[in-house]
Number of protein chains: 2
Amino acid sequence: MPDRSEKNLIEMVNAKLTEYLPEEDILQADVITAMRYSLLGGGKRIRPVLVLEFCRICGGDEQTALPFACAVEMIHTYSLIHDDLPCMDDDDMRRGRPSSHKVFGEDTALLAGDALLTMAFETMLSEESVRLAGAQRAAKAAGYLARAAGAHGMVGGQVIDLMSEGRSISLETLKKMDEGKTGALILASAQMGCILAGADDRRMAAAENYARAIGLAFQIVDDILDVTGDAQTLGKPVGSDSGNNKCTYVSLMGLGNAEKTVEELTAAAVEALSGFGGDAGYLIELAKKLAARKK
Amino acid sequence: MPDRSEKNLIEMVNAKLTEYLPEEDILQADVITAMRYSLLGGGKRIRPVLVLEFCRICGGDEQTALPFACAVEMIHTYSLIHDDLPCMDDDDMRRGRPSSHKVFGEDTALLAGDALLTMAFETMLSEESVRLAGAQRAAKAAGYLARAAGAHGMVGGQVIDLMSEGRSISLETLKKMDEGKTGALILASAQMGCILAGADDRRMAAAENYARAIGLAFQIVDDILDVTGDAQTLGKPVGSDSGNNKCTYVSLMGLGNAEKTVEELTAAAVEALSGFGGDAGYLIELAKKLAARKK
């Protein structure tokens, strides 16, 4: 059942994202094509699924959550486009395809990222979205996502990353960096789902505990796979972190401790949702699946 | 009186912008410093002043409009930082100082732009801002700004610019480009002021007519100054447009027609505000001042 549900959720998100970016847009053709290329070019859709599922298990309506689910994916996608640019990580490949600037040029890739970030807010603050969610909840949810994406959230994490380049950093700084780079959007996704359903503080806190745990576990698993993973399954070379002398959870904690921490975090994520009963089945499966993933 | 009022308005905006970006921010120090450098480094503050003034003359409260006034300046500033990047216009100077990437590096400049765009929405959707404006108006105003800044507004104009590079374009395309690049934020500023004051449709339409007229006039004056201006007064070289074989209002309409059009647009802007009586004094002065400017 979780697989069927996941397929449906992802299809719903993909259909709506396509609707937001019609192919027929002529005047701004280049940038719309670039936006579509990155936004509709695969991806696990973890963040939108969290928005939809937390909204549902808190008693809210999926259709209300959908614009916000799409918005967080737009922000995630813009961050990947900008991250791949030559002045940042200079990555030529993303999700098994040439990265945006390799296909469209740096200028269009930069603008496509800017436009996707902006479109996230257009989407959440559209008449339809505000009517469905109510202005109070729409403004609150969009405000949470804005803070999560900004200088004290995702961009903040990238800044710590830039500032740490070529230096050894503490486990505390590494966690702080990842709380920004990947944790903040995952946390905001869970929070937005709750806000849009009008969840009480207890449920919001449970969702936050779950999201913080899977966010950190996700990052530790990434580092573990860089050591133990299979290049072909991963679709990217392994050992790149140690090759780059990068501080990782594995280098700072040791492989055994890193694996143990993932187990503990996953158990904590599952435990956080105990109050939701069977309704949280899919989210519990998701936590376990992310911990056990091989790519 | 207009001058005193303008000084006060600009000081109010600058003080609030400074408040939003405290210097003591340690963890993300580099990017906050870069954000402050561009945001607090001068600028005419035309857009924030439009938000504040249209809110006031429609009977709204300046304090309610202030976060939105700051937000539009953040978006304007991010667009300048990204525009100056080597992969875009590759400009080393901005407002008489080295541009962001010359001071902080391309990576930090890119992130400072991203963070400023995001911060605009953090600011408009903050608890304080939503409480003052009411959620309905806050969401509506922020939604207008998002659309104005995105793929069908400001970014859209930049895309037309990229696509037109090295080609001759029609007057219609040039207008479309400028409606995006500069017109959209100017229009949204006037609209936000009206929305935050709860202005009726008639006042909103008047504000839009004013904003469209001064937005286009502003751009035509830019092109005229590139031909007739004084490099020292302008703070940049003149004749760069014709040197680059760029289609401008002057090259497409002729200098005389361009000057006549500015006069007509300015008269139309003044006429649009006739219903506001003496209250619109400052905005009328502003339209005339922008038309007569020498830099």
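Superposition of copies here means a least-squares fit on the C-alpha atoms of residues with pLDDT of at least 70 in both. This is a predicted model, in which local features need pLDDT of at least 70, side-chain atom pairs count only at pLDDT 80 or more, and totals for chains, interfaces and linings use all residues. Residues are numbered from 1 along each chain as its sequence is written, while chains are lettered from A and ligands numbered from 1 in the order in which they are written.

**Stop 1: both chains.** Show chains A and B together. A 180° rotation, with 0.0 Å of shift along its axis, lays chain B on chain A at an RMSD of 0.0 Å. That is the relation of a two-fold axis.

**Stop 2: chain A.** Hide chain B. Chain A holds 16 helices and two strands; these are DSSP runs, numbered from the N terminus (helices H or I, at least four residues; strands E, at least two). Its radius of gyration is 19 Å, close to the 19 Å that the globule rule gives for 295 residues, so chain A is as compact as a globular protein of that length. The radius is taken over C-alpha atoms, and the rule is 2.2 Å times the number of residues to the power 0.38. The C-alpha trace of chain A spans about 50 × 50 × 35 Å along its principal axes. Of the 295 residues, 51% are buried. Buried means 20 or more other C-beta atoms within 10 Å of a residue's own; exposed means 12 or fewer; partly exposed is in between; C-beta atoms are placed from the backbone.

**Stop 3: helix α6 of chain A.** Select residues 106-124. Here 18 of the 19 residues are buried. The end C-alpha atoms are 28 Å apart, which agrees with the expected 27 Å. That expectation is 1.5 Å times one less than the number of residues.

**Stop 4: the interface.** Bring chain B back. Each chain, A and B, gives 44 residues to the contact, where contact means C-beta atoms, placed from the backbone, within 7 Å. On the chain B side, α6(B) supplies the largest share, twelve residues. All told, 100% of the interface residues of chain B are also interface residues in chain A, so the copies meet through the same surface.

**Stop 5: two loops of chain B.** Which residue lies in the loop between α4 (62-84) and β1 (93-94) of chain B? Asp90(B) does. Its phi is near 55°, a positive value in a residue other than glycine. Move on to Arg95(B), in the loop between β1 and β2 (97-98). Phi of Arg95(B) is near 50°, also positive. Arg95(B) counts as exposed, with 12 C-beta neighbours inside 10 Å.

How values were computed:
Two residues are in contact if their C-beta atoms, placed from the backbone, lie within 7 Å.
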